[in-house]
Structure formats: structure tokens, C-alpha cells
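Let's walk through this structure together, beginning at the ligand and moving out to a pair of aromatic rings.

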Amino acid sequence: MKSFKIDRWINELREKGGGLFLLLDPDKGSPEELADRAFAGVGCGVEAILVGGSLLLGDGFEQTVREIKKRVDKPVLIFPGSNFQLAPEADGLLFLSLISGRNPRWLIEEHVHAAPRIIAMGLQCLPTAYLLIESGNATSVAFVSGTMPIPRNKPDIVAAHTMAAELLGMKAIYLEAGSGAKLPVPAEIVAEVSRKTNLPLIVGGGIRDVETARTLIDSGADFLVIGSAFEDSGDTELLSEIAKIFARE
Ligand code: 1GP
């Protein structure tokens, strides 16, 4: 994928109707097992593999990205939980700034530590506004980042954040309920953000069934991210069914 350009790729995919991304946590299996899972995901129609997690306990991150790259022909993108999650073989990186929070570490500090290595590795970045939405349970990302998610019943507050992100020049929005969230991002929030901003809109956290996926897509999500549901069950049918929703003829 030498000619791969991450911002062009996501905008072209969005114009074609969006797509499903599969998130793999590098701590949840050996590099080979995760590569198998990525391969299965691509077989179900996922458009990209995201690799990352809030906490990285093992030391196999680079190896995991390398193994996945050997097995799939879709972009392998880093979804970094910290500046330690970098790998030169990745096709790109969601350069996340946790703008729903007020913790400088996740707004800019991790980025400062990562930037020289990102440039040295030649990794392409998609500057992404990352927002945590309250999801009915405590999630790793809220705990680890030490930030308070935005209340579920405040679409206007979420939209104001995403409007600011667009004015700041960010290139994508990720609305996050948190991995294993009890409740996914509310459809009303997705709809409000979709109305008020014009950036590729990624939604993830707590998506476990086709109906939820359909509602989020109908509300304006361009991309959905599934992690736990596939990690827990290996249910390829679920991934295929959700991937098919995007194939609007
Ligand atoms: C987490 O949005 C992703 O960052 C995916 O969440 O694991 O709940 O699918 P799940």
C-alpha cells in the first residue's frame, strides 16, 4: 500500500457509503491469533483493522501489527492508547485527541512524545477528535484517561465539541462509548453531530447487534467500530451482517 493516503482513503470510503472497522486489542491474543482474527474480519467485509487499547500490558504491539499486515490487504491502522503504541509497518494512525476531556496529557502531551517517532517511521496520521460519551458503566478509557465522559442526554454539548474540532482543522470524529460499554453512543448524539459537522464520523463502543448498527448508520455514522462483540464470540455472521448494511445499493 505504498500509495495509501489515509485522509483520501477515508473520504473516498465515506463517499461510497462508509464501512465497518474491526478493533483488535494487542493484549487479547498472540500476534498470530490476532492476525487470524483480522483475516476472518476482512473475509466478513471489514474495511480496516484498528490495533490498540487503553492499556498495553504485553510487549507484542509491533509484532502484532507486522503479523496482521502479512495476512490482510485492507489498511491496518493504529488506534493508540498512548505514545507507546506505534509500529512502522502500520498503514497509518488515528492521531486521537481526547477533546471531550480536560486532561492535557490526552489532549496534547502524548502527541508531543509520539510526534518525532511518528515522523521518523513515516506513519500517516489522521487528526481525529476523540469524544467519550457516557455509556451506563465505567469504561477502561474513562478510567485510564481520568476524564469525565459527556452526558448521554447532551447532544448539543457533543456537537459544540465537534464543531470546535472541525474549526481546528481535525479530519475525523470518533464518538466513543468505550470498549465493552453497556450502552452504545445514543442515536440522537450521532444525528446531531452529523447535522452540525461535515467530517467523517466514526462511532464505536458497545455495538453488539445488527439493529444497533443499523440505527447508528441511519443516524449518520459513516463508520462503525466493533471490538468486544467479535473478540468475545468470534461471531463472523455478526460482522458480515453489519458490513452488509453499508453496502447500500
Ligand atoms: C473501543 O469503540 C471501540 O474503543 C470498540 O468498542 O469493544 O465495545 O466493540 P467495543
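A polar contact here is a pair of N or O atoms within 3.5 Å; within protein, one must be able to donate a hydrogen and the other to accept it, and residues adjacent in sequence count only if both atoms are side-chain atoms. The model is predicted, with local features needing pLDDT of at least 70 and side-chain atom pairs pLDDT 80 or more, while totals for chains, interfaces and linings use all residues. Residues are numbered from 1 along each chain as its sequence is written, and side-chain values use heavy atoms, leaving out hydrogens and water.

Start with the ligand's oxygen atoms. A polar side-chain atom of Tyr174 is 2.9 Å from one ligand oxygen, and a polar side-chain atom of Glu176 is 2.4 Å from a ligand oxygen. Gly180 uses its backbone instead: an N or O atom there lies 2.7 Å from an oxygen of the ligand. The protein covers 97% of the 310 Å² of accessible area (Shrake-Rupley method, 1.4 Å probe) that the ligand has on its own.

Now look at Tyr174 again, this time at its ring. The rings of Phe79 and Tyr174 are stacked, because their centres are 5.1 Å apart and their planes at 20° (rings of Phe, Tyr and Trp, its six-membered ring, pair with centres within 6.5 Å; planes under 30 degrees apart count as stacked, over 60 as edge-to-face and the rest as tilted). By this rule the count is six aromatic pairs.
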